[in-house]
Amino acid sequence: MLSKICMRGSTAGGSFCAGYDLSELAEDSPEEWPQCIPETKKPTIAAVSGYAVGAGLELALWCDLRVVDETAVMGLFGRRFGVPLMAGGSARLPALIGLSRALDLVLTGRPISAKEAHEIGLANRIVSCGTALGQAVSLAGSIVKFPQGCVQADRAAVYNASSRDLSEAVAFERQMASTVLHSEAVQGARRFLSGVGRHGSFNLLHSSCEPAAKS
């Protein structure tokens, strides 16, 4: 199945992805800065549990479908430390949920629950706590049974019709990000490592399967 469908997820109790390693960013080494996520011709599914924030949310946006645990928390938390979007989020987020809602998440950096993510079109499915990965595998199984040449051709056609200038948009995002990496992102990463902002008001998710706080 994985030869035909790409999947990204975490086991029960873990987090999908909490974003860039700010300890690397704090070293101010350009060669260490994250690169754009490479495109693929295969269908992609994200099994989201725990946190999918910052670059982790951008990774989820890169996927075609998102199966989200009911306790998951999503958001662009890099806003607090001056870390810009660098993995295509500025292009993919508004394409997925609309410009107004995308700007709400980008400008405020606020967390959203799985329920809100589903309501605005960010999550395709909400599933019970601890079942996101299994449900994503099941979804992949329902897709992989179809003739894959047709699946991939139609997928490519949909993306071509809806985002013809995606590559240019991502390139512009990288250009804009480069203007603040030294001036804000590196310093913000260092503040984070010093303890500023940890376990603050955005820390909505506990390690156990408890419902996320309402946004």
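Begin by selecting helix α2 (residues 55-62) together with helix α3 (residues 89-97): their axes come within 9 Å of each other and cross at roughly 60°. That angle makes α2 oblique to α3. Viewed as a pair, α2 passes α3 in a left-handed crossing. It should be kept in mind throughout the tour that this is a predicted model.

**From α2 to α7**

Next, select D64 and R155, and display their side chains. The two meet in a salt bridge, with an N to O distance of 2.7 Å. This pair links distant parts of the chain, since D64 sits in the loop between α2 and β4 (65-69), whereas R155 belongs to helix α7 (residues 148-162), 91 residues apart. Are these two residues buried or exposed? Both D64 and R155 are buried. The D64 and R155 contact is one of four salt bridges in the model.

**Helix α4 and its nonpolar patch**

Move now to helix α4, which spans residues 99-108 and contains L103. With a surface representation switched on, select L99, L103 and L107; these residues make a nonpolar surface patch of about 320 Å². L103 has a relative accessibility of 39%, and therefore counts as partly exposed, because the buried class ends at 20% and the exposed class begins over 50%.

**The helix α5 pair**

Select K115 and E119 in helix α5 (residues 114-119). The residues of this pair are four apart, about one turn of the helix. Their side chains meet in a salt bridge with an N to O distance of 2.5 Å. K115 has a relative accessible area of 54%, so this residue is exposed.

**A shared network**

Keep helix α5 in view and add D104, R110 and E116 to the selection. Salt bridges that share partners join D104, R110 and E116 into one network. Which contact in this group should be examined in detail? The side chains of D104 and R110 meet in a salt bridge at 3.0 Å, N to O. D104 is partly exposed, with a relative accessible area of 31%. R110 is likewise partly exposed, its relative accessible area being 22%.

**Closing view**

To finish, display D64 with R155 and D104 with R110 side by side. In the former pair both residues are buried; in the latter, D104 is partly exposed, and R110 is partly exposed.

Conventions
Residues numbered from 1 in each chain as written. Predicted model: local features only at pLDDT ≥ 70, side-chain atom pairs only at ≥ 80, totals over all residues. Heavy atoms only, no water. Patch = residues over 30% accessible without salt bridge, like charges linked within 9 Å, V, L, I, M, F, W, Y side chains within 5 Å. Areas by Shrake-Rupley, 256 points an atom, 1.4 Å probe, with all protein chains shown as cover. Helix = DSSP H or I, 4+ residues; strand = E, 2+ residues; numbered from the N terminus. Buried < 20%, exposed > 50% of the residue type's maximum accessible area, 1.4 Å probe, protein only. Axes fitted to C-alpha atoms, helices over the stretch in contact; angles between N-to-C directions. Parallel < 35°, antiparallel > 145°, perpendicular 65-115°, else oblique. Left-handed = near helix turned anticlockwise from the far one by under 90°.
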